[in-house]
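Colleague: I have a structure to learn from, and some questions about it. Shall we look at it together?

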Amino acid sequence: MRKIQMVDLQAQFEEIQPELMGAFDQILTNTAFINGPDVQAFKTELSDYLGGVHVVPCANGTDALQIAMMALGLKPGDKVLAPSFTYVATAEVAALLGLELVFCDVDPQTFNICPNSAASILEKEDIKAIVPVHLFGQSANMDAVMALAKQYGCFVVEDMAQAIGSFYQGDSATGFAGTIGHASGTSFFPSKNLGCYGDGGAVLSPDADLAARMQMIANHGQSALYYHDVVGVNSRLDTLQAAVLRIKLRRLLDYTRARQKAAATYDARLGNIDGLHIPVRDPKSTHVFHQYTLTLSRPGRTELMKFLESQGIPVKIYYPVPLHLQKAYNHQGYTPGAFPVSEKLCDHVLSLPMHTHLQAEQLDFIGDKIRSWFATH
Ligand SMILES: *Cc1c(COP(=O)(O)O)cnc(C)c1O
């Protein structure tokens with residue numbers, strides 16, 4: 001059995017190594033490091049993969065969210081609503097743009113934005129944009145988010161960094177994660193479901209005019225060479241990374257299936273343990289399993305983690321502290337109890353190794369060790 005890792009990129013690399021080296025060789029020979037042909041080709045191929053949405057490649061997922069918010073014309077003081085149980089990037093870019101971040105709670109089953117919690121805040125505050133996060137690989141409740149956005153007149157900026165390829169089949173909203181709202185941001189960080197070998201990201205929009213604005217902002221606000229119409233940023237996907245992404249995009253469906261297969265094996269091994277809950281699937285969304293996240297409904301998470309680590313099984317807590325209680329983002333003076341579901345999840349979730357090359361014997365080993373711990377504690 002290979003050494004178990006949270007994310008193992010080695011086996012995947014070996015499979016694509018010859019193809020990668022060929023592509024790298026060509027880029028290095030042509031010295032087309034910035035905006036080479038692979039960047040343009042990747043843009044088109046990702047757009048095709050996601051049903052025709054406009055794609056603007058950029059330097060990372062955090063920049064993508066920032067560019068989306070800038071392109072929508074959000075101004076200092078404008079309020080942005082985001083779930084508290086998520087990665088920090090959303091909060092960070094809002095703060096950098098001088099936007100006022102307002103949090104809401106998440107759904108205890110799907111871990112995604114809770115429409116009731118969001119509605120109660122939209123009722124009281126003048127929110128300009130909602131940022132649903134498709135956490136761990138499953139689309140947020142986009143029927144509800146889009147209905148709320150319409151009712152309260154706000155933009156929707158999807159954070160789909162963890163859910164590329166997830167498909168949402170709602171009653172009114174339908175499409176791939178990241179293609180339903182006004183704009184979205186995604187990340188190609190190496191450990192993401194579609195990851196490059198460094199930093200990378202993309203901003204997406206179904207709206208051609210908005211996408212053109214995003215393209216301009218990502219390139220110094222430039223409408224023509226040395227003509228700057230708006231304040232922009234320098235955020236590019238470099239050609240070497242685009243080449244990696246093109247090669248991996250061709251395999252993304254297989255990668256997703258491999259993750260789903262690993263998740264199904266985990267389900268079968270862990271589905272009937274007292275005090276342990278396997279990930280709940282939203283019937284309206286496919287799950288692309290960026291993470292396989294368990295919830296403990298009993299104490300002992302720290303001891304379980306220590307035990308698993310002692311057995312050579314890495315595990316991680318995504319995320320240990322909700323954003324509303326983080327020092328940098330608690331300007332509103334939130335106190336514990338403000339968003340009870342987010343707080344409870346931070347204390348009870350545990351993510352298992354998840355990647356495209358988990359071996360059957362590794363999954364069996366992990367399942368056996370977890371079962372044995374619950375049987376004896
Ligand atoms: C990874 C991630 C980001 C940021 O992406 P980077 O490429 O690391 O900047 C944003 N949001 C979520 C939910 C993420 O998981």
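Modeller: Start with the ligand. One of its oxygen atoms is 2.5 Å from an N or O atom in the side chain of T62. Keep in mind that this is a predicted model.

Colleague: How far is a polar side-chain atom of D159 from a nitrogen atom of the ligand?

Modeller: D159 is listed among the residues around the ligand. A polar contact needs N or O atoms within 3.5 Å. The pair formed by the D159 side chain and the ligand nitrogen meets that limit, at 2.7 Å.

Colleague: Which side chain has an N or O atom 2.6 Å from an oxygen atom of the ligand?

Modeller: Look through the residues around the ligand, including Y87, Q162, S187 and K192. The side chain with an N or O atom at 2.6 Å from a ligand oxygen belongs to S187.

Colleague: How much of the ligand's accessible area does the protein cover?

Modeller: On its own, the ligand has 380 Å² of accessible area. The space it takes is the largest pocket. The share of that area covered by the protein is 92%.

Colleague: How do the residues of the shell divide into nonpolar, polar and charged?

Modeller: The shell includes A89, V133, N60 and D159. Sorting the shell residues by type gives four nonpolar, five polar and two charged.

Colleague: Is I4 buried or exposed?

Modeller: I4 lies in the segment before helix 1 (10–30). Its relative accessible area is 4%. Buried means under 20%. Therefore I4 is buried.

Colleague: What distance separates the C-alpha atoms of I4 and Q291?

Modeller: Along the chain, I4 and Q291 are 287 residues apart. In space, their C-alpha atoms are separated by 15 Å.

Colleague: Which residues does a cis peptide bond join?

Modeller: Look in the loop between helix 10 (301–310) and helix 11 (340–348), where Y319 is found. The cis bond has an omega of about 5 degrees. It joins Y318 and Y319.

Colleague: Is F111 buried or exposed?

Modeller: F111 sits in the loop between strand 3 (100–104) and helix 5 (115–124). Its phi is near 70 degrees, a positive value in a residue other than glycine. Relative accessibility is 6% for F111, so this residue counts as buried.

Colleague: And Y226, buried or exposed?

Modeller: Y226 is in the loop between strand 10 (222–224) and strand 11 (227–228). Y226 is not a glycine, yet has a positive phi of about 70 degrees. Exposed means over 50% relative accessible area. Y226 has 65%, so Y226 is exposed.

Definitions and conventions:
Residues are numbered from 1 along each chain as its sequence is written. This is a predicted model: local features need pLDDT of at least 70, side-chain atom pairs count only at pLDDT 80 or more; totals for chains, interfaces and linings use all residues. Side-chain values use heavy atoms; hydrogens and water are left out. A residue is near a molecule or strand if one of its heavy atoms lies within 4 Å of it. A polar contact is a pair of N or O atoms within 3.5 Å; within protein, one must be able to donate a hydrogen and the other to accept it, and residues adjacent in sequence count only if both atoms are side-chain atoms. Accessible areas come from the Shrake-Rupley method with a 1.4 Å probe; for residues, only the protein chains shown count as cover. On a 1 Å grid over the protein atoms alone, a cavity is a set of points where a 1.4 Å probe fits but cannot get out, and a pocket is an open set with protein on both sides within 12 Å along at least five of seven lines; lining residues have an atom within 4 Å of a point. A molecule sits in a cavity or pocket if more than half of its atoms lie within 2 Å of its grid points. Ala, Val, Leu, Ile, Met, Phe, Trp, Tyr, Cys and Pro count as nonpolar, Asp, Glu, Lys and Arg as charged, and the others, Gly among them, as polar. Helices (H or I, at least four residues) and strands (E, at least two) are DSSP runs, numbered from the N terminus. Buried means under 20% relative accessible area, exposed over 50%, partly exposed in between (1.4 Å probe, protein chains only).
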